[in-house]
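Biologist: I'd like a close look at a single part of this model, and then a walk outwards from there to whatever else you find worth pointing out. Please take your time with it.

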Amino acid sequence: MANETKRLAEYAAALRYDDLPEPVLRRAKDCLIDTVAAIVYGHTQPAGRIAVEQLRAVGAGGACRILGAGGDALRAESAACANGVLAHAFELDSLRKPGAGVHPGAVLVPAALAVAQERGAGGRALLAALVAGCEVLFRVGKATKHTPESRGFHAPGLTGPFGAAVAAGHLAGLDAAAMTNALGIAGSLGGGLLAFAKSGNGGMVKRLHLGRAAESGVTAARLAGHGFTGPDTVLEGAFGFLEAYCLETDVDALTSGLGERWETLTLCLKRYPCHITAHTPVTAVLALRDAHGFRATDVRGVSVEGTAKMAEMHAIAEPADLVLAQYSIPFCVAIALTRDPRDPDAFSDATLHDPQVRDLCRRVTVRAAPGAHGWTTTTRIALADGRHLEQTVEDFPGTPALPQSAEERTAKFMRLTRRLGERAAPLLARLEAIEQEDRLDWLG
């Protein structure tokens, strides 16, 4: 052991806005804007509506806002939880590439924004906190080698509290010792099971995991600020996070490149409102459809080859509800064959029960390919006229290697915030200049 938890805490506590290169700030701002849009859209979903109602009932009396909800302000923990559930309510929030079981937007933005509003902080402080959270969160996720899910855990519910604690603690002004305690506390607050992926029902609970992670980060930072302690080897030590939850680990990844390489630049924005494993086959289907002009009725079958995880967890041919449908590669491929998968309205209950979509789901097979890694897939489409089409996709617009253009980011924001009407464009403009804002109480 090399005091990895302490080193991460020291680094995060010392990080300042003026230390951040422009590309890193741009990525943090992209994450913020993307998450705000996802939260606003989350109000259209049952999980979001239920979470808002419940947390309003128990969280009154604070200074923090549920974005897009209106009404009275809440305590920081309740606002963070509600915004975290909303951000993940429709599979629209950001990740890291390569994947590491982390959702930065849904855990860092809700936690950081709640503490910023509570403490009267401004846009620069918010962006610095988001970067500090990313730098820790992504390293923790990478150190797990994405193995907690092999044991049945939903990884973002476990990794999320660490990043959220750093983001919240940064805004609260925690020093290195207190930040170490915040991480130590966060390690005992994570949770989330993948039972929904096997039971075929109850998928709404997946949304809760991100909200609880954001809430836990605020709680951990608050307790640490008042002197509550946690183990200073929570990540790397005996019975610590990596040992307890992971089948394989890379302890060196916790601090590799710390202060030299910006993990924030690996942040990935989603293009479609579905699980990230479906993004490359959906991109392949769209490219093949555009290039060859076939219709959904021409399709005899589709084969998707990817990782063993895709074949084991995401080959759901008969999704029982919309949450599982968004988790299903066959369903997402069927949407790409029949609709515009960039439009969240294409993923609806009506679509879920559309006979054509259900038939296409049954025509899609997902197989593990030897040596497959990450999100790369090869998609093969067999057509009724005898043609066989094939496309291998590694990246899509939103990954670090293929970033979304400003026009694409704006289009996604405006799609997701349609319910705001004329308020959407001014909100985007203000978010684009967030570093000029001295307070953030207007964001709600």
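Let's begin with one strand and its partner: how many bridges join β4 to strand β6, and do the two run parallel or antiparallel?

Modeller: Happy to, with the reminder that this is a predicted model. Six bridges join β4 to β6 (residues 377-383), and the two strands run antiparallel. To find a place on this pairing, look for Gly 301, which stands opposite Ala 382 in β6. Strand β4 itself covers residues 299-306, and since six of these eight residues are buried, the rest of the structure largely encloses it.

The other partner of β4 is strand β5 (residues 364-368), and here the sense is parallel, with five bridges. A handy marker for this pairing is Val 302, placed opposite Val 364 in β5. Strands of a sheet pair through backbone hydrogen bonds, in either a parallel or an antiparallel arrangement. Both kinds occur here: the four strands make an open sheet of mixed pairing, in the order β5-β4-β6-β7. At its edges are β5 and β7 (388-393), each of which pairs on one side only. From one strand to the next, the twist averages 15 degrees.

Moving across to the remaining pairing, β6 and β7 are antiparallel, over six bridges. Within it, Thr 378 has Thr 392 in β7 as its bridge partner. Helix α12 (residues 279-292) packs on the sheet, where it touches β4, β6 and β7, and its direction makes about 135 degrees with that of β7.

From the sheet, a good stepping stone into the interior is Leu 337. Beyond its neighbours within four places in sequence, Leu 337 is in contact with Val 299 and Val 302, and also with Val 285, Arg 289, Phe 294, Ala 296 and Leu 360. Val 302 is thus a residue we have met already, as the one opposite Val 364. Leu 337 also has a special place in the wider packing: of the 143 residues in the largest nonpolar core, Leu 337 and Leu 431 touch the most other members. The element that gives the most to this core is α6, with 13 residues. Apart from it lies another core, of seven residues, including Leu 194, Phe 196, Ala 197 and Ile 316. In soluble globular proteins, nonpolar side chains tend to be buried together.

Phe 196 also brings us to the rings. There are seven aromatic pairs in the structure. One of them joins Phe 153 and Tyr 245 edge-to-face, at 4.9 Å centre to centre and with 85 degrees between the planes. This pair links distant parts of the chain, 92 residues apart, with Phe 153 in the loop between α6 and α7 and Tyr 245 in helix α11 (residues 241-245). For Phe 196 and Tyr 327, the ring centres are 5.4 Å apart and the planes stand at 65 degrees, so this pair is edge-to-face as well. Because Phe 196 lies in helix α9 (residues 195-199) and Tyr 327 in helix α14 (residues 322-327), the pair ties together parts that are 131 residues apart in sequence. Phe 196 and Tyr 327 are both buried. Phe 153 and Tyr 245, for their part, belong to a cluster linked by ring pairs, together with Phe 162 and Phe 241.

Since you may be thinking about polar groups in the interior, here are two histidines. His 170, in helix α7 (residues 155-171), is buried, with a relative accessible area of 15%. A polar atom of its side chain lies 2.7 Å from the backbone oxygen of Leu 15. Among the contacts of His 170 beyond its sequence neighbours are Ala 128, Ala 132 and Met 179. Met 179 is one of the buried residues of α8, a mostly covered helix in which nine of eleven residues are buried. The cover over those residues includes α1 (4-14), α6 (123-143), α7 and α10 (205-225). At the start of α8, a side-chain oxygen of Asp 175 comes within 3.3 Å of the backbone nitrogen of Ala 177.

The other histidine, His 43, sits in the loop between α2 (22-42) and α3 (46-58), and at 11% relative accessibility it counts as buried. Its side chain reaches the backbone oxygen of Leu 67 at 2.6 Å. Further along the sequence, the contacts of His 43 include Leu 86 and Arg 419.

Notes: Residues are numbered from 1 along each chain as its sequence is written. This is a predicted model: local features need pLDDT of at least 70, side-chain atom pairs count only at pLDDT 80 or more; totals for chains, interfaces and linings use all residues. Side-chain values use heavy atoms; hydrogens and water are left out. Buried means under 20% relative accessible area, exposed over 50%, partly exposed in between (1.4 Å probe, protein chains only). A polar contact is a pair of N or O atoms within 3.5 Å; within protein, one must be able to donate a hydrogen and the other to accept it, and residues adjacent in sequence count only if both atoms are side-chain atoms. Contact means heavy atoms within 4.5 Å. Two strands pair if DSSP finds at least two bridges between them. Axes are lines fitted to C-alpha atoms, for helices over the stretch in contact, and angles run from 0 to 180 degrees between N-to-C directions. A nonpolar core is a set of buried Ala, Val, Leu, Ile, Met, Phe, Trp, Tyr and Cys residues joined through side-chain atoms within 4.5 Å. Rings of Phe, Tyr and Trp (its six-membered ring) pair if their centres lie within 6.5 Å; planes under 30 degrees apart count as stacked, over 60 as edge-to-face and the rest as tilted.
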